Structures are given as C-alpha cells and as structure tokens.
Amino acid sequence: MQHEEDESRRGELDAATRTSVLRQAWSVGIATGAYGISFGALGVASGLSVWQSCALSLLMFTGGSQFAFVGVIGAGGTGVAAIATATLLGIRNGLYGLQVSEFLHDRGWQRAMAAHLTIDESTAVGIAQPSVRASQVGFWQTGIAVFLFWNLFTLVGAFLGNALGDPRRWGLDAAAAAAFVALLWPRLHSRDAAATAAAAVVLTVVVAPWAPAGIPVLVAALAAVAVGLWPRPKDAAPGRPADDRGAP
Amino acid sequence: MTLWLAVLAACALAFLTKLAGHYVPSSRLEGRRMRRVTALLPVALLTSLVVVQTFGASGGGLTVDARLVGLGAAVLALLARAPFIVVVIIGAAVAAGLRALGWN
C-alpha cells in the first residue's frame, strides 16, 4: 500500500483528470476568497486595524475562527475569550489534518505548509479525488488558491471597511450575523446537529444577559459536549469529521 | 492584553491545532463520542455566535433591531441556495435599508 502510494505520487495525472482537479481547486479558491472582502470589512468594523485583520487571514487562515475572533472583540469581549472561541472553532482543522495526512506524504517545512493550508475547502476537494495523486494536487491547489484570494480580498475589504465609516449604517453588524448563519447552514443536516443548535440557543440566551461578552459563546460549547456524549442505544452513529466538511 | 498579542496568540494556536492533526496518530481520537463532540463543536459555537451577533446589545444583554430582519433575509437567501457572499450582502443591505428608513 505504502509502495503503491509512493508510485502514484511520482506518476503524473492524465491531462483530463488534471484539468478537472485544477478547475475544481481554483473555482473553490476564487469563490471562497471573495468573501475575504466581508471578513476584512468586519475586522476593521470590530475595532481591529487593517493590518491586524490581514494578519489573521495570513497567519490564522481559517475563516470561521477569524470571524469568531473579530465577532467576540467587536462585541466587547476580552482577548482571552476571543482566543478561546477561535481555537475551539479551529479544532476541526486538526481532524482534517488526520484525514489529509493519509494521502499527503510531505516532510519538514512542506508538512508545516500543508498544515497551514488545512481548512474546510482544501480538505473537501482533496478527499473527493479518485486517486492519491489527484488528492494531493487537489489539496495543494485548493489551499494555495484560497490562500491567495482570501488574503487579497481581506486587504481590499479592510481598506473598504475603513473608508465606510460607521459600520451600522452599512449593516455590517447584520453582515456578521449573516456570515455566521451561512457558515452554520451546511452543518445543520443531522438530528444531533439540530439538537446541538437548539441547546446552544438556549444556553446563549440564558447566559448573555449577565455574562461578559464572549463568555456566552464558550458556555454554548457545552451543547456539543452534552449532545455528543449523550448515551444512545446503538452507538454506531456517524460523527466522522468528514461529515463536517463542505462549509466555507 | 494588547489586541496584537491576542491576534498573534490566536494565530499560533490555530496553526498548532492544524499541525497536531498532521502529527498525532489518528488512534488518539478514535473514540466515537469524542468524535461526535468535536464534529458538533462548530455547530454549537456558530449557533451561539449567530444569536450574539443578532441580538447582542452594545451595553451587554440582548435587544431586537434591524439585524434580526437582516438575519431573516439571509436565511431566505440560504433557502434559495445563494452563495456565501450573496447571503452576507443581502443581510447587510436589508439592515442598512431599514436603518436608512429610520428603524434602528
């Protein structure tokens, strides 16, 4: 198996497969990168500088966590609460790493680069491919394409947001709510997910009136723990990290 | 803690989380229940962020304003299978429109 994979890694893809993988990778890259505009604009609207917003896209490079970080800061939460929320949301990237390292066989700095590019989109395109080599090309090309466009559009959005002035006047606070619900939407496919979301709403509404900003979101994480650990008769339910992909 | 320090610390933790996935043997996370919890974590956090971002009042607590209508419009856009960027723009435009008409 290992030998076969090494062989296929050296072997090049046929032209048709290569074209199809590249087309997938770069269309996902452009589509995802474009909403870097909304992240950049929300970043400065939340009180980050243009360069702090850009640093998040360059160095954190995982949309959900970035939106969460600026969301908590914008709501007046502490740096610690923002860090904790962003990190909890980023745990899924660790699970993606487990999956993609099965077909990526990079070492050293290339492995570190691959880790940095491990996000929803690169993982989804990578594991959707028919062969090991196609998976490698799909992962890398998608990761690089999203990285380029995401950072470019974050910069554009941050300058745009700076020029707009009062963020409420342009509905940027509602844009943040819309961004979170759009990130949530594709994950609400199972009964477990719906139960988790319902419990998270209750926890947030109960805690928000008296807890400092940023804390309600962390308390709501308990909804996932409660539903996930809930004993069930036939404990063969899914919950693979792969079920979790497909969202930006 | 300065904002820059928080930004850089969060970035470092995000990278280390990704890196851990590439190095930790997958057997460490095999437990079904643990997997379920980690798969549901984004659902809980994102749901809570939707609530906070929609109803959060500037002085703490919860309030209802134009953001709720913006969120409703965003959900309609999602039901119509609109792409992410369109959903975000619709949410913002509806809230901005209501405010231009004078409804907070």
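The paragraphs below lead through a predicted model of chains A and B, from the fold of chain A to the contact between the chains and then to single residues.

Chain A is a convenient place to begin, since its secondary structure comes to 12 helices and zero strands, so that its pattern, read along the sequence, is α-α-α-α-α-α-α-α-α-α-α-α. Of the 248 residues in this chain, 56% are buried. Among the contacts in chain A that have a separation of 6 or more, 76% are accounted for by residues 24 or more positions apart.

One helix pair in chain A can be followed in detail. Two packed helices are described by the angle between their axes and the distance between the axes. For helix α5 (residues 63–74) and helix α6 (residues 79–100) of chain A, the angle is about 160° and the axes are 8 Å apart. Because angles over 145 degrees count as roughly antiparallel, α5(A) and α6(A) are described as roughly antiparallel to each other. Their crossing is right-handed. On the side of α5(A), the contact is made by A:G64, A:S65, A:A68, A:F69, A:V72 and A:I73, while α6(A) supplies A:A81, A:A82, A:T85, A:A86, A:L89 and A:G90. Sorted by class, the residues in this contact are eight nonpolar and four polar, with no charged residues.

The loop between α4 (50–60) and α5 of chain A holds A:F61, a residue other than glycine whose phi has a positive value, near 45°. Most residues other than glycine have a negative phi. A:F61 has 24 other C-beta atoms within 10 Å and is therefore buried, the threshold for that label being 20 or more.

From chain A the path leads to its contact with chain B, which takes 90 residues from chain A and 65 residues from chain B. On the side of chain B that touches chain A, the elements giving two or more residues are α1 (3–23), α2 (32–55), α3 (66–79) and α4 (84–100) of chain B. The largest share of that side, 22 residues, is supplied by α2(B). By class, the side of chain B that touches chain A divides into 44 nonpolar, 14 polar and seven charged residues.

A nonpolar core can also be traced across the two chains: the largest one has 113 residues, and the members that touch the most other members are A:A178, A:F180 and B:L45. For A:A178, once its neighbours within four places in sequence are left aside, the contacts are with B:G70, B:L71, B:A74, B:V87, B:V88, B:I90, B:G91 and B:A92.

Several of these partners reappear in the packing of α3(B) against α4(B). These two helices pack at an angle of about 145°, with their axes 8 Å apart, and α3(B) passes α4(B) in a right-handed crossing. Their contact brings B:A66, B:R67, B:V69, B:G70, B:L71, B:A73, B:A74, B:A77 and B:L78 of α3(B) to B:V86, B:V87, B:I90, B:G91, B:A92, B:V94, B:A95, B:L98 and B:R99 of α4(B). By class, this contact has 14 nonpolar, two polar and two charged residues.

Two residues of this helix pair show how the pair relates to chain A. B:V87, which is found in helix α4 of chain B, counts as buried because it has 27 C-beta neighbours inside 10 Å. Leaving aside its neighbours within four places in sequence, B:V87 is in contact with A:A178 and A:A182 of chain A and with B:A74, B:A77, B:L78 and B:A82 of chain B. Between B:V87 and B:L71, which are 16 residues apart in sequence, the C-alpha to C-alpha distance is 9.3 Å.

B:A66, placed in helix α3 of chain B, likewise counts as buried, because it has 21 C-beta neighbours inside 10 Å. Outside its neighbours within four places in sequence, B:A66 is in contact with A:A174, B:A95, B:L98, B:R99, B:W103 and B:N104. The C-alpha atoms of B:A66 and B:A92 are separated by 9.7 Å, although their positions lie 26 residues apart along the chain when counted as a sequence separation.

The loop between α3 and α4 of chain B is the place of B:R81, a residue other than glycine whose phi is positive, near 60°. B:R81 has 8 other C-beta atoms within 10 Å and is therefore exposed, whereas A:F61 is buried.

Definitions and conventions. Residues are numbered from 1 along each chain as its sequence is written. Chains are lettered from A and ligands numbered from 1 in the order in which they are written. This is a predicted model: local features need pLDDT of at least 70, side-chain atom pairs count only at pLDDT 80 or more; totals for chains, interfaces and linings use all residues. A nonpolar core is a set of buried Ala, Val, Leu, Ile, Met, Phe, Trp, Tyr and Cys residues joined through C-beta atoms within 7 Å. A residue is buried if 20 or more other C-beta atoms lie within 10 Å of its own, exposed if 12 or fewer, and partly exposed in between; C-beta atoms are placed from the backbone. Two residues are in contact if their C-beta atoms, placed from the backbone, lie within 7 Å. Helices (H or I, at least four residues) and strands (E, at least two) are DSSP runs, numbered from the N terminus. Ala, Val, Leu, Ile, Met, Phe, Trp, Tyr, Cys and Pro count as nonpolar, Asp, Glu, Lys and Arg as charged, and the others, Gly among them, as polar. Axes are lines fitted to C-alpha atoms, for helices over the stretch in contact, and angles run from 0 to 180 degrees between N-to-C directions. A crossing is left-handed if the near helix is turned anticlockwise from the far one by less than a right angle, and right-handed if clockwise. Angles under 35 degrees count as roughly parallel, over 145 as roughly antiparallel, 65 to 115 as roughly perpendicular and the rest as oblique.
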